[in-house]
Amino acid sequence: MTKRHAEIAGGGIGGLALGMMLGRHGWSVRIHERSPEIREIGAGISLRNNCIAVLEHYDVFPRLEPLGSKLRMELSVDRHGQVMQRRQLSGHFRTHVFPRQSVVDILAQSAREAGAEIVTASHITGAEPSGALIDANGRRYGGDLVVGADGIRSKVRMALRLSARLSERGTQVNRYLIPTRSFTSDDTMFEHWSEGRRVGIMPSGPGQTFVYLVMPRRDRAACALPLDTRSWQRSHPTLADAFEIIARSDGTQYPYNVVECPRWSAGRVALIGDAAHGMPPTLGQGAGLTMMNSHALAEIVSGPRPVEEALADWEQMVRFISDRTRRWAIRYDQFTRHWPLALRPLVMWAFDRFPILNERMRIADQGLALTPVRLDKRGRLDTRAA
Ligand SMILES: Cc1cc2nc3c(=O)[nH]c(=O)nc-3n(C[C@H](O)[C@H](O)[C@H](O)COP(=O)(O)OP(=O)(O)OC[C@H]3O[C@@H](n4cnc5c(N)ncnc54)[C@H](O)[C@@H]3O)c2cc1C
């Protein structure tokens, strides 16, 4: 059988991971990244059990692990430092935190080792369902499989005219990667709540701290960059000293976005990652879902069936996890912004008291057990087993 070829738009976490996976399955792969280098803007990232399990499956995690921090516990506390919710981060809730750049560096290295070609400064502007990407110079790149891994504002998705919707929620997050551990626990993530504002603090690899500040967009003082130290010290008095340190670092700013895409493929073209299911990062699952879905995609399209049919099977198998997680991620965002202050401790207590609630909301954390890819002898998805 001749080697099959994939063209991927986007050299972020999704495009690089899928490139590595397809390369390992014997495909020739080209990844187009519009930036002049493989670069991740913005601080740290927490990788959950499902993401780690996929990286372990491809033996990539041992390289990445020393660059991050393993968390043992997540604590949500109120403005006075009182604990509202406590979660053990073990079993299928295990979590590691990394500087984002480390994650893309290791994925890019692994993709290249698997034979993928990464072309930087290659701006993709369109795609054809028959199996091609088009770049800004009008050049056409044909493939047996074509993938849009080009993020929230995916050009590939737009070209497929799938009637997708991109909407911005009224929440913003400012993120920082700070070269100190002076106000950070070695193995615990803290989330400090005060009215509509939240401050997350966690270790992110040797000598570094990942901090995020979340707030409603209408809260101008909270959104401001550089940091309005006084305003944050008023809402979070227990972190007064930490804000003096945070204010010395550069922050990056993002709105919460949601992508609703009725289909994830057309012909030989598939969408993965934020291009397909962008969601608020409230559950820290964007990269985890991207990784799980990419793994399932690589396995299914590497079977004997025509790519178009394999893509339909793939979506049928994995999509419900992303859809459910996105709904919960939106609910969580609504809860932190709109619910009356008096009711929030009750909800936190309920999630603390009844683990089943966390299991439901965090369904994706269960990982590969949810989507075992089993193909029958003809390469069809064996749904009886799933
Ligand atoms: C504030 C915030 C915090 C988050 N925290 C977490 C977390 O803790 N844990 C977690 O799992 N997830 C988190 N996520 C989600 C996670 O970052 C994304 O789900 C993940 O990065 C998706 O990867 P992707 O490859 O699909 O998209 P992206 O990371 O957006 O990568 C897309 C790539 O495509 C390139 N590109 C775009 N357009 C083109 C084009 N036309 N041609 C060529 N290249 C193009 C871009 O330059 C980029 O490199 C967070 C997201 C945000 C916004």
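In this predicted model, helix α10 (residues 286-301) packs against helix α11 (residues 307-338) at an angle of about 165°, their axes lying 9 Å apart, where axes are lines fitted to C-alpha atoms, for helices over the stretch in contact, and angles run from 0 to 180 degrees between N-to-C directions. The two are therefore roughly antiparallel to each other, since angles over 145 degrees count as roughly antiparallel, those under 35 as roughly parallel, 65 to 115 as roughly perpendicular and the rest as oblique. The crossing of α10 with α11 is right-handed; a crossing is right-handed if the near helix is turned clockwise from the far one by less than a right angle, and left-handed if anticlockwise.

On the α10 side, L289, M292, N293, A296, L297, I300 and V301 meet A310, L311, D313, W314, M317, V318, I321, S322 and T325 of α11, with contact meaning heavy atoms within 4.5 Å.

Residues are numbered from 1 along each chain as its sequence is written, and side-chain values use heavy atoms, with hydrogens and water left out. Local features need pLDDT of at least 70 and side-chain atom pairs count only at pLDDT 80 or more, whereas totals for chains, interfaces and linings use all residues.

Helix α10 also packs against helix α2 (residues 49-57), the axes coming within 7 Å and crossing at roughly 40°, which makes α2 oblique to α10. This crossing of α2 and α10 is left-handed, and its contact joins N50, C51, V54, L55 and H57 of α2 to A287, G288, L289, M291, M292, H295 and E299 of α10. As for burial, 14 of the 16 residues of α10 are buried, that is, under 20% relative accessible area with a 1.4 Å probe and protein chains only.

A further pair is formed by helix α1 (residues 13-24) and helix α4 (residues 100-113), which pack at about 30° with axes 8 Å apart and are therefore roughly parallel to each other. Here α1 passes α4 in a left-handed crossing, and the contact involves I13, L16, A17, G19 and M20 of α1 with R100, V103, V104, L107, A108, S110 and A111 of α4.

The table gives the contacts by class, in which Ala, Val, Leu, Ile, Met, Phe, Trp, Tyr, Cys and Pro count as nonpolar, Asp, Glu, Lys and Arg as charged, and the others, Gly among them, as polar.

| Contact | Nonpolar | Polar | Charged |
|---|---|---|---|
| α10 with α11 | 12 residues | 3 residues | 1 residue |
| α2 with α10 | 7 residues | 4 residues | 1 residue |
| α1 with α4 | 9 residues | 2 residues | 1 residue |

Terms used: Helices (H or I, at least four residues) and strands (E, at least two) are DSSP runs, numbered from the N terminus. Buried means under 20% relative accessible area, exposed over 50%, partly exposed in between (1.4 Å probe, protein chains only).
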